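Q: I'm new to this one, and I'd like to learn how to read it step by step. Could you walk me through it?

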Amino acid sequence: MAVTTSSPQAQVYARTVFFDRLRKYLFFAMLAFWAALSVAPLYFTLVFSFKPVADVYTPPIWAPIPFTLDNYITILGTFQLFPRWVWNSVFISVIVTAFRVLFCAMAGYAFARIEFPLKSFWFNLLLISMMMPGVVTLIPSFLIIGPGLIRGGLQLGDLRIPTGFGLIDNPWGVILPGMADAFGVFMMTQFYKSFPKELEEAAMMDGSGRWGTFFRIVLPISQTQLITLALLTFQGAWNNFMWPLLVLRSPEQFTLPIGLQWFRGEYYTLYSVILAGSIFNTLPILIIFFVFQQYFVRSIAATGSKEG
Amino acid sequence: MRTRTDRRKWVDALNGYLFISPWLIIFLIFSLISLGYAVYLSFTEYNLLRPPRWWGLEGYRRVLEDELFISKALPNTFKYVLIVVPIQTFLSLVLAFAMDQNLRFQRFFRTIFYLPSVTSSVVISLIFIWIFAPQGIFNQITGLTVNWLDDPRTAFYVIMGMNIFTTSGTLMLIFLAGLQDIPLAVYEAAEIDGANGLQKFFYITVPMLRPVIFFVVTVGVIGCFQVFDQIFVMTNGGPLDSTTTITYLIYKWAFRDTRIQMGQASALAVILTLIILAVTLLQRRVIEGSGSGAER
């Protein structure tokens, strides 16, 4: 009430308050709009995965009417490849994650704590390799995993050394190159560098060697960081497409993303089934995301600020 | 004493290499040797059936004379980067700025915004194919009758829009972390000097965030130059090659065409790497150069 009767200053103040509030509402409206947009595709997918195959383009779009479980029955029961794809995806993602977390922690620890010859040389190579676009090594990596760089192997006198792993159409062909990666090593190195040494030094004094210290002290104290890396890795492996597409050839070996894409080509009229399958691909990551949300946020924040 | 430190040095050297060996082996095989071999292959003719045959720069010449590369893949890729990177960077920055205004439900929004990034590229592509089908939900809501993904005028833009949509959430979180590092005192000082919201955004937020912006743009550029999954799933480079990008062309030449040309595909991969390198360096100069007036 004071405002109506008052001095110019008070009027300016009232105006500022008004604009402040207006701005807040505008920002809020913008965020709400983007939130609705972010949820929409998944929401529609969920709705239509519970509608009959014939209704895949039929309104209403907001609710599953008429409701059916047929699509889920098809992928879980009738179509037997689907559970295999889920299993293949789980198998590959879990193993890639386990190896990568361990190997990145080991290398990161060494780069942060141990003095060894050529250390900075290797670390600089690691930094450069982070900038290298993955597509340039695609063809040679494919040859190494599969038929080999040199057909029939490298002939050294009587010795014939194979130059490829022969792992085409084998889950290990997907797993092997994913077992370590530059970014993970870099992230762990930065973490261990910022971490106080005292605990480890005490353990070393007590006579544990490097390995004992690493497994008993270092790994447990870096738990948070390891979980963060594990989540990033798992999500990447679970959603990976291009590499498994090249390596895996027969439908029994497919991972879920490759399988869903293949399924669309074979049965493009059963789009509701694809939507139900998509839910299976998204749900595990979504659950993991909700449970470990703060780790995801940490990991993303970490990627940004470290580079700066 | 001397021998003891010597011994310690040896043990450290041995342990150091043992600790990095799993990463090092994978790095040597799949990065270093692979890179070297890619460069070698780029100077050869190779179709997997016969051993690679050295032909010098012929592969590069053929790439540069290839109609599909010159008139489709190259311009498409640049168009894609030039449209997607600025929009996703600006959009995610604005969203992060809005979230940083201490609004209610911040946690809620943060979670929701990240959802599209959690979904795999294949799944989101399959969903968008369905949403943008002629009878799909998008046409139902808007009342349009466009055949989005079969029309060479629209298909590429749908893919661009989808990728902006999926990456903005992640980038927004990166910006938000950067924003929360800016000391409040700076904003308060500006307020005392009478700066309004827009001025604060352009004269404080943007300059203070320069390193984060550089990071987000770099990641965006590297990623966008290699866009593949969505194109493979949604359009296979079509209609009329309107969505063929360089990475898709590499894949096509090396793995899909009936006449496999791994040498020529490697030459294109090397060219793409050089393009990415050049653009990254250029962009670093632009972002750092434009800040020469400011502090830091």
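Q: Let's start small. Is Tyr187(B) buried, partly exposed or exposed?

A: Keep in mind that this is a predicted model. The general idea is to count neighbours: 20 or more other C-beta atoms within 10 Å make a residue buried, and 12 or fewer make it exposed. Tyr187(B) has 15 other C-beta atoms within 10 Å, so it is partly exposed.

Q: Where does Tyr187(B) lie, and which residues does it touch?

A: Tyr187(B) belongs to helix α8 of chain B, which covers residues 184–192. Leaving aside residues up to four places away in sequence, Tyr187(B) touches Lys200(B) and Ile204(B).

Q: How far apart are the C-alpha atoms of Tyr187(B) and Thr235(B)?

A: Here you look at two separations, one along the chain and one in space. The two residues are 48 residues apart along the chain, and 47 Å separates their C-alpha atoms.

Q: Okay, zooming out: how many helices and strands are there in chain B?

A: Chain B has 13 helices and two strands.

Q: Is chain B a compact globule or more spread out?

A: You compare the radius of gyration with what the globule rule gives for that many residues. For the 296 residues of chain B the rule gives 19 Å, but the radius of gyration is 24 Å, well over that, so chain B is more spread out than a compact globule. Its C-alpha trace spans about 85 × 75 × 35 Å along the principal axes. As for burial, 43% of the 296 residues in chain B are buried.

Q: What about contacts between residues at least 6 apart in sequence: what share of them in chain B join residues at least 24 apart?

A: That share is 72% in chain B.

Q: How do helix α3 and helix α7 of chain B pack?

A: For a helix pair, look at the angle and the distance between the axes. Helix α3 (residues 67–99) and helix α7 (residues 155–179) of chain B meet at about 40 degrees, and their axes are 7 Å apart. Angles from 35 up to 65 degrees count as oblique, and α3(B) and α7(B) are therefore oblique to each other. The crossing of α3(B) past α7(B) is right-handed. Their contact involves 18 nonpolar residues, seven polar and no charged.

Q: Last one: how many residues of chain B are in contact with chain A?

A: In general, the size of an interface is often given as the accessible area lost when the parts come together. Here we count residues instead: 79 of chain B are in contact with 76 of chain A. Helix α1 (residues 2–41) of chain B supplies the largest share of chain B's side, 20 residues. By type, that side has 55 nonpolar, 20 polar and four charged residues.

Key. Residues numbered from 1 in each chain as written. Chains lettered and ligands numbered in written order. Predicted model: local features only at pLDDT ≥ 70, side-chain atom pairs only at ≥ 80, totals over all residues. Helix = DSSP H or I, 4+ residues; strand = E, 2+ residues; numbered from the N terminus. Rg over C-alpha atoms; globule rule 2.2 N^0.38 Å. Contact = placed C-beta atoms within 7 Å. Nonpolar A, V, L, I, M, F, W, Y, C, P; charged D, E, K, R; others polar. Axes fitted to C-alpha atoms, helices over the stretch in contact; angles between N-to-C directions. Parallel < 35°, antiparallel > 145°, perpendicular 65-115°, else oblique. Left-handed = near helix turned anticlockwise from the far one by under 90°.
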